[in-house]
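Reader: I have a structure open and do not know how to read it. Could we go through some features one at a time?

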Amino acid sequence: WLPSMLGKRLFLTDIALQVGAGHVDQAVARLGSDIAFTRRLLAQPDILLIDKMILASSLIDSLELVSDLVRTQPLRDNQYGQLSAVLSPLTGDERSLVGPLTREFDAFAATIRNLKNPRNAPGLVPSSRSDGSVVAGGLSIHFIKYNSTLNAQWRLLTEKIALSSGGCRNFLSGATALKSRGAASLGSVLYNPIGNILSGIAAPTGVEYMHAMCDLDGMIRIVELELQAHLQHVNDEQLAQFVMHGGDRYSNPF
(Lines give C-alpha, C1' and ligand atoms only; values in the text may rest on other atoms or scores of the structure.)
Protein backbone atom coordinates (compact mmCIF):
# COMPACT_ATOMS: atom_id res chain seq x y z
CA TRP A 1 0.00 0.00 0.00
CA LEU A 2 2.92 2.39 0.50
CA PRO A 3 3.26 3.33 -3.22
CA SER A 4 -0.47 4.03 -3.33
CA MET A 5 -0.33 6.24 -0.22
CA LEU A 6 2.65 8.20 -1.53
CA GLY A 7 0.98 8.52 -4.92
CA LYS A 8 -2.15 9.90 -3.29
CA ARG A 9 -0.15 12.56 -1.47
CA LEU A 10 1.51 13.59 -4.73
CA PHE A 11 -1.87 13.61 -6.48
CA LEU A 12 -3.42 15.94 -3.88
CA THR A 13 -0.32 18.16 -3.92
CA ASP A 14 -0.66 18.44 -7.70
CA ILE A 15 -4.31 19.45 -7.32
CA ALA A 16 -3.35 22.14 -4.79
CA LEU A 17 -0.73 23.46 -7.23
CA GLN A 18 -3.35 23.49 -9.99
CA VAL A 19 -5.61 25.63 -7.81
CA GLY A 20 -2.69 27.95 -7.05
CA ALA A 21 -2.06 28.32 -10.79
CA GLY A 22 -5.70 29.28 -11.37
CA HIS A 23 -6.83 26.00 -13.00
CA VAL A 24 -9.67 25.53 -10.53
CA ASP A 25 -12.08 23.81 -12.93
CA GLN A 26 -9.61 21.02 -13.66
CA ALA A 27 -8.67 20.68 -9.99
CA VAL A 28 -12.30 20.36 -8.87
CA ALA A 29 -13.01 17.80 -11.59
CA ARG A 30 -10.02 15.67 -10.61
CA LEU A 31 -10.87 15.89 -6.92
CA GLY A 32 -14.49 14.88 -7.49
CA SER A 33 -13.45 11.98 -9.70
CA ASP A 34 -10.94 10.75 -7.11
CA ILE A 35 -13.53 10.82 -4.31
CA ALA A 36 -16.07 8.93 -6.42
CA PHE A 37 -13.47 6.30 -7.37
CA THR A 38 -12.31 5.83 -3.77
CA ARG A 39 -15.91 5.37 -2.62
CA ARG A 40 -16.54 2.71 -5.26
CA LEU A 41 -13.54 0.75 -3.95
CA LEU A 42 -14.67 1.31 -0.36
CA ALA A 43 -18.00 -0.38 -1.15
CA GLN A 44 -16.40 -3.62 -2.39
CA PRO A 45 -17.30 -6.51 -0.05
CA ASP A 46 -14.26 -8.72 -0.72
CA ILE A 47 -11.46 -6.41 0.42
CA LEU A 48 -9.25 -6.93 3.45
CA LEU A 49 -9.61 -4.93 6.63
CA ILE A 50 -6.32 -3.12 5.95
CA ASP A 51 -7.63 -2.26 2.45
CA LYS A 52 -10.75 -0.73 3.98
CA MET A 53 -8.78 1.37 6.45
CA ILE A 54 -6.27 2.60 3.85
CA LEU A 55 -9.12 3.60 1.51
CA ALA A 56 -10.87 5.39 4.39
CA SER A 57 -7.64 7.26 5.14
CA SER A 58 -7.31 8.18 1.47
CA LEU A 59 -10.85 9.56 1.47
CA ILE A 60 -10.12 11.60 4.61
CA ASP A 61 -7.12 13.19 2.85
CA SER A 62 -9.37 14.19 -0.06
CA LEU A 63 -12.02 15.59 2.29
CA GLU A 64 -9.40 17.69 4.07
CA LEU A 65 -8.34 19.16 0.75
CA VAL A 66 -11.96 19.94 -0.18
CA SER A 67 -12.44 21.70 3.16
CA ASP A 68 -9.21 23.70 2.73
CA LEU A 69 -10.22 24.58 -0.82
CA VAL A 70 -13.63 26.02 0.07
CA ARG A 71 -12.17 28.00 2.98
CA THR A 72 -9.38 29.58 0.97
CA GLN A 73 -10.71 29.77 -2.59
CA PRO A 74 -14.03 31.26 -3.70
CA LEU A 75 -15.64 28.79 -6.10
CA ARG A 76 -18.49 29.11 -8.55
CA ASP A 77 -21.83 27.54 -7.70
CA ASN A 78 -21.37 24.78 -10.27
CA GLN A 79 -18.01 23.90 -8.69
CA TYR A 80 -19.54 23.69 -5.22
CA GLY A 81 -22.28 21.54 -6.74
CA GLN A 82 -19.78 19.27 -8.48
CA LEU A 83 -18.01 18.51 -5.21
CA SER A 84 -21.28 18.21 -3.29
CA ALA A 85 -22.51 15.55 -5.72
CA VAL A 86 -19.87 13.07 -4.50
CA LEU A 87 -20.32 13.78 -0.78
CA SER A 88 -23.56 12.04 0.10
CA PRO A 89 -23.43 10.18 3.45
CA LEU A 90 -21.73 6.79 3.39
CA THR A 91 -23.89 3.97 2.07
CA GLY A 92 -24.29 0.76 4.04
CA ASP A 93 -21.86 -1.03 1.71
CA GLU A 94 -19.25 1.72 2.05
CA ARG A 95 -19.44 1.69 5.83
CA SER A 96 -19.89 -2.07 6.36
CA LEU A 97 -17.06 -4.23 7.67
CA VAL A 98 -18.89 -7.52 7.20
CA GLY A 99 -16.76 -8.64 4.24
CA PRO A 100 -13.40 -7.53 5.69
CA LEU A 101 -14.14 -9.05 9.11
CA THR A 102 -15.18 -12.34 7.51
CA ARG A 103 -11.91 -12.44 5.58
CA GLU A 104 -10.03 -11.78 8.82
CA PHE A 105 -11.77 -14.81 10.29
CA ASP A 106 -10.79 -16.94 7.28
CA ALA A 107 -7.14 -15.93 7.74
CA PHE A 108 -7.30 -16.68 11.47
CA ALA A 109 -8.84 -20.10 10.77
CA ALA A 110 -6.02 -20.94 8.35
CA THR A 111 -3.43 -19.98 10.97
CA ILE A 112 -5.01 -22.17 13.65
CA ARG A 113 -5.32 -25.03 11.16
CA ASN A 114 -1.57 -24.85 10.48
CA LEU A 115 -0.73 -24.77 14.18
CA LYS A 116 -2.99 -27.73 14.85
CA ASN A 117 -1.38 -29.80 12.09
CA PRO A 118 0.67 -32.56 13.82
CA ARG A 119 3.48 -32.08 11.31
CA ASN A 120 4.02 -28.58 12.73
CA ALA A 121 3.79 -29.64 16.37
CA PRO A 122 7.53 -29.83 17.19
CA GLY A 123 7.89 -26.19 16.16
CA LEU A 124 5.35 -24.98 18.68
CA VAL A 125 7.59 -25.46 21.72
CA PRO A 126 11.19 -24.48 20.83
CA SER A 127 13.70 -26.75 22.49
CA SER A 128 16.60 -28.99 21.61
CA ARG A 129 15.99 -32.62 20.75
CA SER A 130 17.98 -33.63 23.83
CA ASP A 131 15.30 -32.32 26.23
CA GLY A 132 12.32 -33.98 24.62
CA SER A 133 11.18 -31.55 21.92
CA VAL A 134 9.14 -34.21 20.14
CA VAL A 135 7.23 -34.99 23.32
CA ALA A 136 6.76 -31.30 24.16
CA GLY A 137 5.69 -30.49 20.62
CA GLY A 138 3.27 -33.40 20.60
CA LEU A 139 1.73 -32.25 23.86
CA SER A 140 1.43 -28.63 22.73
CA ILE A 141 -1.12 -29.38 20.00
CA HIS A 142 -3.50 -30.70 22.67
CA PHE A 143 -3.72 -27.17 24.11
CA ILE A 144 -5.11 -25.78 20.85
CA LYS A 145 -8.64 -26.97 20.20
CA TYR A 146 -9.35 -26.11 16.59
CA ASN A 147 -13.15 -26.27 16.65
CA SER A 148 -13.46 -24.64 20.04
CA THR A 149 -11.18 -21.76 19.02
CA LEU A 150 -13.03 -21.13 15.76
CA ASN A 151 -16.49 -21.51 17.32
CA ALA A 152 -15.64 -18.86 19.92
CA GLN A 153 -14.31 -16.56 17.21
CA TRP A 154 -17.35 -17.14 15.01
CA ARG A 155 -19.75 -16.26 17.84
CA LEU A 156 -17.84 -13.02 18.37
CA LEU A 157 -17.79 -12.39 14.62
CA THR A 158 -21.58 -12.65 14.37
CA GLU A 159 -21.89 -10.02 17.12
CA LYS A 160 -19.47 -7.73 15.26
CA ILE A 161 -21.34 -8.25 11.98
CA ALA A 162 -24.60 -7.31 13.68
CA LEU A 163 -22.92 -4.21 15.14
CA SER A 164 -21.45 -3.26 11.74
CA SER A 165 -24.84 -3.70 10.06
CA GLY A 166 -26.78 -1.79 12.70
CA GLY A 167 -25.83 1.71 11.58
CA CYS A 168 -23.92 4.41 13.41
CA ARG A 169 -26.84 5.53 15.57
CA ASN A 170 -26.83 2.15 17.31
CA PHE A 171 -23.06 1.87 17.36
CA LEU A 172 -22.07 3.41 20.69
CA SER A 173 -24.53 1.40 22.78
CA GLY A 174 -23.72 -1.77 20.82
CA ALA A 175 -19.97 -1.24 21.19
CA THR A 176 -20.32 -0.79 24.94
CA ALA A 177 -22.26 -4.04 25.18
CA LEU A 178 -19.69 -5.89 23.05
CA LYS A 179 -16.75 -4.62 25.10
CA SER A 180 -18.45 -5.57 28.36
CA ARG A 181 -18.88 -9.22 27.38
CA GLY A 182 -17.94 -11.52 30.20
CA ALA A 183 -14.54 -13.15 30.23
CA ALA A 184 -14.21 -16.77 29.13
CA SER A 185 -15.12 -19.31 31.79
CA LEU A 186 -12.37 -21.07 33.70
CA GLY A 187 -13.38 -24.36 32.11
CA SER A 188 -12.96 -23.05 28.57
CA VAL A 189 -9.62 -21.46 29.45
CA LEU A 190 -8.27 -24.72 30.87
CA TYR A 191 -9.68 -26.75 27.99
CA ASN A 192 -8.20 -24.52 25.26
CA PRO A 193 -5.46 -22.32 26.81
CA ILE A 194 -3.30 -21.65 23.73
CA GLY A 195 -6.35 -21.27 21.49
CA ASN A 196 -7.79 -18.64 23.85
CA ILE A 197 -4.52 -16.73 23.94
CA LEU A 198 -4.15 -16.76 20.17
CA SER A 199 -7.77 -15.79 19.73
CA GLY A 200 -7.29 -12.73 21.90
CA ILE A 201 -4.05 -11.69 20.19
CA ALA A 202 -4.63 -12.48 16.52
CA ALA A 203 -8.27 -11.61 15.95
CA PRO A 204 -9.10 -7.88 16.12
CA THR A 205 -12.13 -6.73 18.07
CA GLY A 206 -13.25 -4.71 15.06
CA VAL A 207 -14.98 -2.12 17.26
CA GLU A 208 -12.35 0.57 16.68
CA TYR A 209 -12.59 0.03 12.91
CA MET A 210 -16.37 0.40 12.94
CA HIS A 211 -15.95 3.57 14.99
CA ALA A 212 -13.52 4.88 12.37
CA MET A 213 -16.07 4.32 9.59
CA CYS A 214 -18.76 6.23 11.50
CA ASP A 215 -16.27 9.05 12.12
CA LEU A 216 -15.55 9.09 8.38
CA ASP A 217 -19.29 9.41 7.69
CA GLY A 218 -19.40 12.34 10.11
CA MET A 219 -16.52 14.05 8.31
CA ILE A 220 -18.26 13.66 4.95
CA ARG A 221 -21.40 15.29 6.38
CA ILE A 222 -19.47 18.21 7.89
CA VAL A 223 -17.59 18.94 4.64
CA GLU A 224 -20.85 18.66 2.69
CA LEU A 225 -22.42 21.19 5.08
CA GLU A 226 -19.49 23.49 4.35
CA LEU A 227 -20.15 23.18 0.62
CA GLN A 228 -23.89 23.70 0.99
CA ALA A 229 -23.39 26.81 3.13
CA HIS A 230 -21.37 28.35 0.30
CA LEU A 231 -23.68 27.04 -2.42
CA GLN A 232 -26.75 28.50 -0.70
CA HIS A 233 -24.92 31.73 0.17
CA VAL A 234 -25.55 31.37 3.91
CA ASN A 235 -24.06 34.26 5.89
CA ASP A 236 -22.53 34.01 9.37
CA GLU A 237 -25.71 35.09 11.14
CA GLN A 238 -27.75 32.38 9.39
CA LEU A 239 -25.22 29.59 9.80
CA ALA A 240 -26.37 28.13 13.14
CA GLN A 241 -29.99 28.01 11.97
CA PHE A 242 -28.92 26.48 8.66
CA VAL A 243 -27.02 23.67 10.43
CA MET A 244 -29.86 22.97 12.87
CA HIS A 245 -32.33 22.53 10.02
CA GLY A 246 -30.00 20.68 7.68
CA GLY A 247 -31.98 17.46 7.92
CA ASP A 248 -30.93 13.84 8.30
CA ARG A 249 -28.43 14.02 5.43
CA TYR A 250 -26.20 16.35 7.47
CA SER A 251 -26.92 15.13 10.98
CA ASN A 252 -24.41 13.61 13.37
CA PRO A 253 -24.18 9.93 12.24
CA PHE A 254 -24.00 8.80 15.86
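Reader: In which helix does glutamate 94 lie?

Author: This is a predicted model. Glutamate 94 belongs to helix α5, which covers residues 92–95.

Reader: Is glutamate 94 buried or exposed?

Author: The general idea is to take the relative accessible area of a residue and call the residue buried if the value is under 20%. Glutamate 94 has a relative accessibility of 7%, so glutamate 94 counts as buried.

Reader: Which side chain makes a polar contact with the side chain of glutamate 94?

Author: Look for pairs of N or O atoms within 3.5 Å. The side chain of glutamate 94 is joined to that of arginine 39 by a polar contact of 2.7 Å. The backbone matters here too: a polar atom of the glutamate 94 side chain lies 2.9 Å from the backbone nitrogen of threonine 91.

Reader: Which residues does glutamate 94 touch, if residues up to four places away in sequence are not counted?

Author: They are Arg39, Leu42, Ala43, Lys52, Pro89 and Met213. Arg39 therefore appears in that list of touching residues, and its side chain also makes the polar contact just described.

Reader: Now the whole chain. How many helices and strands does the protein chain have?

Author: The count is 13 helices and 0 strands. Written in order along the sequence, the pattern is α-α-α-α-α-α-α-α-α-α-α-α-α.

Reader: What percentage of the residues in the protein chain is buried?

Author: Of the 254 residues, 39% are buried. The accessible surface of the chain is about 13800 Å², and carbon and sulfur atoms account for 60% of that surface.

Reader: How should I read contacts between parts of the chain that are apart in sequence?

Author: Take the contacts between residues at least 6 apart in sequence, then ask what share joins residues at least 24 apart; in this chain that share is 79%. Valine 28 gives an example of residues apart in sequence: valine 28 and leucine 69 are separated by 41 residues in sequence, and their C-alpha atoms are 9.3 Å apart in space.

Reader: Where is valine 28 found, and is valine 28 buried or exposed?

Author: Valine 28 is in helix α2. Its relative accessibility is 1%, so valine 28 counts as buried. Apart from neighbours within four places in sequence, valine 28 is in contact with Leu69, Gln79, Gln82 and Leu83.

Reader: What can be said of valine 24?

Author: Valine 24 also lies in helix α2. With a relative accessible area of 11%, valine 24 is buried. Outside the residues up to four places away, valine 24 touches Val19, Gln73, Leu75 and Gln79. Its C-alpha atom is 9.8 Å from that of leucine 69, and the two residues are 45 apart along the chain.

Reader: How many cavities of 30 Å³ or more are there?

Author: A cavity is space where a probe fits but cannot get out. The count here is 1 cavity of 30 Å³ or more. The largest cavity holds about 50 Å³ of space, and its lining consists of Arg95, Leu163, Ser164, Gly167, Cys168, Phe171, Met210, Met213 and Cys214. Two or more lining residues come from each of α8 (146–165) and α12 (207–231). The largest share, 3 residues, is from α12. By class, the lining has 6 nonpolar, 2 polar and 1 charged residues.

Reader: Which residues lie nearest the centre of the second largest pocket?

Author: A pocket, in contrast to a cavity, is open. Nearest the centre of the second largest pocket are Ser4, Met5, Lys8, Ile54 and Ser58, out of 15 lining residues. Helices α1 (2–20), α2 (24–42) and α3 (49–72) are the elements that give two or more residues to this lining. The pocket has about 270 Å³ of space, and its lining divides into 6 nonpolar, 5 polar and 4 charged residues.

Reader: Where is the place of histidine 233?

Author: Histidine 233 sits in the loop between α12 and α13 (236–244). Its phi is near 55 degrees, a positive value in a residue other than glycine. At 57% relative accessibility, histidine 233 counts as exposed.

Reader: Which residues is glutamate 224 in contact with, leaving aside neighbours within four places in sequence?

Author: Glutamate 224, found in helix α12, is in contact with Ser84, Leu87, Arg249 and Tyr250. Glutamate 224 counts as buried, at 1% relative accessibility.

Methods
Residues numbered from 1 in each chain as written. Predicted model: local features only at pLDDT ≥ 70, side-chain atom pairs only at ≥ 80, totals over all residues. Heavy atoms only, no water. Helix = DSSP H or I, 4+ residues; strand = E, 2+ residues; numbered from the N terminus. Buried < 20%, exposed > 50% of the residue type's maximum accessible area, 1.4 Å probe, protein only. Polar contact = N/O pair within 3.5 Å; in protein donor to acceptor, adjacent residues only side chain to side chain. Contact = heavy atoms within 4.5 Å. Areas by Shrake-Rupley, 256 points an atom, 1.4 Å probe, with all protein chains shown as cover. 1 Å grid on protein atoms, 1.4 Å probe; cavity = no way out; pocket = protein on both sides within 12 Å on 5 of 7 lines; lining within 4 Å. Points joined across faces, edges and corners; volume = space filled by probe spheres on them. Nonpolar A, V, L, I, M, F, W, Y, C, P; charged D, E, K, R; others polar.
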